[in-house]
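Open the model in your viewer and keep the sequence panel visible. The stops below say what to select and what is found there.

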Amino acid sequence: IIQEQVSNRLSLEEETMSEMSVPEQQAKTQVMIDEALSAYISALVDADGDRDRWTNAYVEQVKQAVFDHIYRLGRLQPLIDTPEVEKIHIVGCDEVWLKFSDGTTQQAESIAATDAELMQMIQNIASSQGEASRSFSTSHPDLDMDLMSFVRLAAIAPPVALRPTLV
């Protein structure tokens, strides 16, 4: 809900935002996230009185997740930001494997509720890379691209694979 509200507001202010530098855009987006989250928390607390779960740490997590979705790699970002992680291998929505620099491998929490959501996440990442954007779908099921100076994304989708898969 918060992400959707901020995205809608960014769309409405697209012209103003396009005149700003990237750091200015991100700062303005952070303000929008703060405002949307504050309104959301107030409405929830008014409805059910449950303020306890909205600790400062939890509020910061939500803010970062919304920001990561808009400007970074969404739910993949925390995995990428973990310095010890060398490789991320995802097969469908429910198999996330991390390979660490010490050679160990560990299963991680899912980053999507369904395979369709994972496909959408990969499509969003692939299509939001400016001039380097690529298509990813069942009709374009093979994706290989550089996302940042240190991140490479390779993904395949049905019918090439049984489930969406990315490394």
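The tour goes from the whole chain to its cores, then to two helices, a buried glutamine, the salt bridges and a proline pair.

**The whole chain**

Show the backbone as a cartoon. This is a predicted model. The protein chain holds six helices and six strands. Read from the N terminus, the order is α-α-α-α-α-β-β-β-α-β-β-β. Along its principal axes, the C-alpha trace spans about 45 × 40 × 30 Å. Of the 167 residues in the chain, 34% are buried. Among contacts with a separation of 6 or more, 35% are between residues 24 or more positions apart.

**The two cores**

Select L76, I90, L98, F136, L143 and L166 and show their side chains. These residues have the most contacts inside the largest nonpolar core, which has 29 residues. At least two residues of this core come from each of α5, β1 (85-91), β2 (95-100), α6 (115-127), β4 (142-148) and β5 (151-156). Helix α6 gives the largest share, six residues.

Now centre on L166. Leaving out residues up to four places away in sequence, L166 touches L76, I88, H89, I90, L118, I122, L153, A154 and A155.

Next select M17, L37, W54 and V59. These four are among the 15 residues of another core, which lies apart from the one around L166.

**Helix α6**

Select residues 115-127, the range of α6. Its 13 residues reach 18 Å from the first C-alpha to the last, close to the 18 Å expected at 1.5 Å a residue. Colour L118, M119, M121, I122, I125 and A126, the buried residues of α6. Then look down the helix axis. The buried residues fall within an arc of 160 degrees, so they line one face of α6. An α-helix has 3.6 residues a turn, so residues three or four places apart point the same way. Turn on the neighbouring elements as well: β1, β4, β5 and β6 are among those that cover the buried residues of α6.

**Helix α4**

Move to residues 56-71, which form helix α4. With 16 residues at 1.5 Å a residue, α4 should span 22 Å, and its end C-alpha atoms are indeed 22 Å apart. Its buried residues are V59, V62, K63, V66, F67 and D68. Note that K63 and D68 are on that list. To see what the buried residues of α4 pack against, show α1 (2-12), α3 (22-48) and α5.

**Q77**

Is Q77 buried or exposed? Select Q77, in helix α5 (residues 77-80). At 1% relative accessibility, Q77 counts as buried, because the cut-off for buried is under 20%. A polar atom of the Q77 side chain lies 3.1 Å from the backbone nitrogen of L73. Beyond its neighbours within four places in sequence, Q77 is in contact with D68, R72 and M148.

**Salt bridges**

How many salt bridges does a search of the whole structure find? The search finds twelve. Side chains of opposite charge can pair when their charged atoms come close.

Select R9, E13, K28 and E35, which are linked in a network of salt bridges. R9 pairs with E13, the closest N and O atoms being 3.7 Å apart. R9 also pairs with E35, where the closest N and O atoms are 2.6 Å apart. The R9–E35 pair links distant parts of the chain: R9 is in helix α1 and E35 in helix α3, 26 residues apart. R9 is partly exposed at 30% relative accessibility, and E35 is partly exposed at 40%.

Then select D115 and R163. This salt bridge has its closest N and O atoms 2.9 Å apart. D115 is in helix α6 and R163 in the loop between β5 and β6, 48 residues apart, so this pair too links distant parts of the chain. Relative accessible area is 22% for D115, which is partly exposed, and 24% for R163, also partly exposed.

**The proline pair**

For the last stop, stay in the loop between β5 and β6 (165-166), where P159 lies. Select P158 and P159 and show the backbone atoms. The peptide bond joining P158 and P159 is cis, with omega about 10 degrees. Most peptide bonds are trans.

How values were computed. Residues are numbered from 1 along each chain as its sequence is written. This is a predicted model: local features need pLDDT of at least 70, side-chain atom pairs count only at pLDDT 80 or more; totals for chains, interfaces and linings use all residues. Side-chain values use heavy atoms; hydrogens and water are left out. Helices (H or I, at least four residues) and strands (E, at least two) are DSSP runs, numbered from the N terminus. Buried means under 20% relative accessible area, exposed over 50%, partly exposed in between (1.4 Å probe, protein chains only). A polar contact is a pair of N or O atoms within 3.5 Å; within protein, one must be able to donate a hydrogen and the other to accept it, and residues adjacent in sequence count only if both atoms are side-chain atoms. Contact means heavy atoms within 4.5 Å. A nonpolar core is a set of buried Ala, Val, Leu, Ile, Met, Phe, Trp, Tyr and Cys residues joined through side-chain atoms within 4.5 Å. The expected span of a helix is 1.5 Å times one less than its number of residues. A salt bridge is a side-chain nitrogen of Lys or Arg within 4 Å of a carboxyl oxygen of Asp or Glu. The arc is that of the directions from the helix axis to the C-beta atoms.
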